[in-house]
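This report goes through one protein structure, part by part. Please look over the sequence and the structure before reading on.

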Amino acid sequence: MNKLHLFTPIKVAEELLLIDSSVLRKVRPEELEGESWLGERKVELSPNITTMVDHFNSLALLVPTEILAETTAKIRAKVISSFINVAKACYKLKNYHSLKAVLAGLQCTPVYRLRKTWKKVPFLRKKVDKHHFMCQEEGR
């Protein structure tokens, strides 16, 4: 079973914030010039932005991996609830990078289609959608 429940959501969010902020502090202004993080030499020209993108993608993939590894809807619902609580804690800490990564994982097609599982967390699903839209409204 998923071990996320062994930690408080705020502790997980704080650790994610530490990871994100340590990389963000290393971003040099020249990494932002000319969209160098999109080109073939992105690792060379924008190593810290590339690291942030890789971290985002890893977290966004971790969420569905952990959810889909469970065999019952009841346990999957608990894992989803844990990730929703982590997302809420990221929002409180203003860590929009990890918040969006967790939400991306929760909203990926294989997880989103788990109707029986989501029925076990209906009030939480609305909160996920609310956080998603709050991020969009705030331009984050």
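## Salt bridges

Glu-30 and Arg-28 form a salt bridge, and their closest N and O atoms are 2.9 Å apart. The model is a predicted one, and the distances in this report are computed from it. Glu-30 is partly exposed, with a relative accessible area of 40%. Arg-28 also counts as partly exposed, at 33% relative accessibility.

Arg-28 forms a salt bridge with Glu-31 as well, with 3.4 Å between the closest N and O atoms. Glu-31 counts as buried, at 0% relative accessibility. The structure holds 4 salt bridges, and one of them joins the side chains of Arg-41 and Glu-44, at 2.9 Å from N to O. Arg-41 is partly exposed, with a relative accessibility of 46%, while Glu-44 is exposed, with a relative accessible area of 54%. Returning to the earlier residues, salt bridges with shared partners join Arg-28, Glu-30 and Glu-31 into one network.

## Overall make-up

How many helices and strands are there in the protein? There are 8 helices and 0 strands. Read along the sequence, the pattern is therefore α-α-α-α-α-α-α-α, in which a helix is a DSSP run of at least four residues.

The protein has 140 residues, and buried residues make up 41% of them. A further figure concerns contacts between residues at least 6 apart in sequence: of these, 66% join residues at least 24 apart.

## Helix α1 and helix α4

Helix α1 covers residues 9-24 and helix α4 covers residues 73-92. Their axes come within 8 Å and cross at roughly 60 degrees. That angle makes α1 oblique to α4. The crossing in which α1 passes α4 is right-handed.

Which residues meet where these helices cross? On the α1 side they are Pro-9, Ile-10, Val-12, Ala-13 and Leu-16. On the α4 side they are Asn-85, Val-86, Ala-89 and Cys-90. Residues three or four places apart in an α-helix point the same way, because the helix has 3.6 residues a turn.

Phe-7 lies in the segment before α1. Is Phe-7 buried or exposed? Phe-7 is exposed, with a relative accessible area of 51%; the cut-off for exposed is over 50%. Phe-7 and Val-86 are 79 residues apart in sequence, and their C-alpha atoms are 10.0 Å apart in space.

## Helix α3 and helix α5

Helix α3 covers residues 47-68, and its axis comes within 8 Å of the axis of α5. The two axes cross at roughly 40 degrees, so α3 and α5 are oblique to each other. Their crossing is right-handed.

In α3, the residues that meet α5 are Met-52, His-55, Phe-56, Leu-59, Ala-60, Val-63, Pro-64 and Ile-67. Their partners in α5 are His-97, Ser-98, Lys-100, Ala-101, Val-102, Ala-104, Gly-105 and Leu-106.

## Burial of helix α5

Why can helix α5 be called largely enclosed by the rest of the structure? The helix runs over residues 96-106, and 8 of these 11 residues are buried, so the rest of the structure largely encloses it. The buried residues in α5 are Tyr-96, Ser-98, Leu-99, Ala-101, Val-102, Leu-103, Gly-105 and Leu-106.

Ser-98, in helix α5, has a relative accessibility of 0% and counts as buried. Which residues is Ser-98 in contact with, leaving aside its neighbours within four places in sequence? They are Leu-16, Asp-20, His-55, Leu-59 and Cys-90. Leu-16 is also one of the α1 residues that meet α4, and Cys-90 is one of the α4 residues that meet α1. His-55 and Leu-59 are among the α3 residues that meet α5.

## An aromatic pair

The count of aromatic pairs comes to 1. The ring centres of Tyr-91 and Tyr-96 are 6.0 Å apart and the ring planes stand at 75 degrees, so the pair is edge-to-face. The cut-off behind this step is that planes over 60 degrees apart count as edge-to-face.

Are Tyr-91 and Tyr-96 buried or exposed? Both Tyr-91 and Tyr-96 are buried. Tyr-96 is also among the buried residues of α5.

Technical notes. Residues numbered from 1 in each chain as written. Predicted model: local features only at pLDDT ≥ 70, side-chain atom pairs only at ≥ 80, totals over all residues. Heavy atoms only, no water. Phe/Tyr/Trp six-rings, centres within 6.5 Å; stacked < 30°, edge-to-face > 60°. Buried < 20%, exposed > 50% of the residue type's maximum accessible area, 1.4 Å probe, protein only. Helix = DSSP H or I, 4+ residues; strand = E, 2+ residues; numbered from the N terminus. Contact = heavy atoms within 4.5 Å. Axes fitted to C-alpha atoms, helices over the stretch in contact; angles between N-to-C directions. Parallel < 35°, antiparallel > 145°, perpendicular 65-115°, else oblique. Left-handed = near helix turned anticlockwise from the far one by under 90°.
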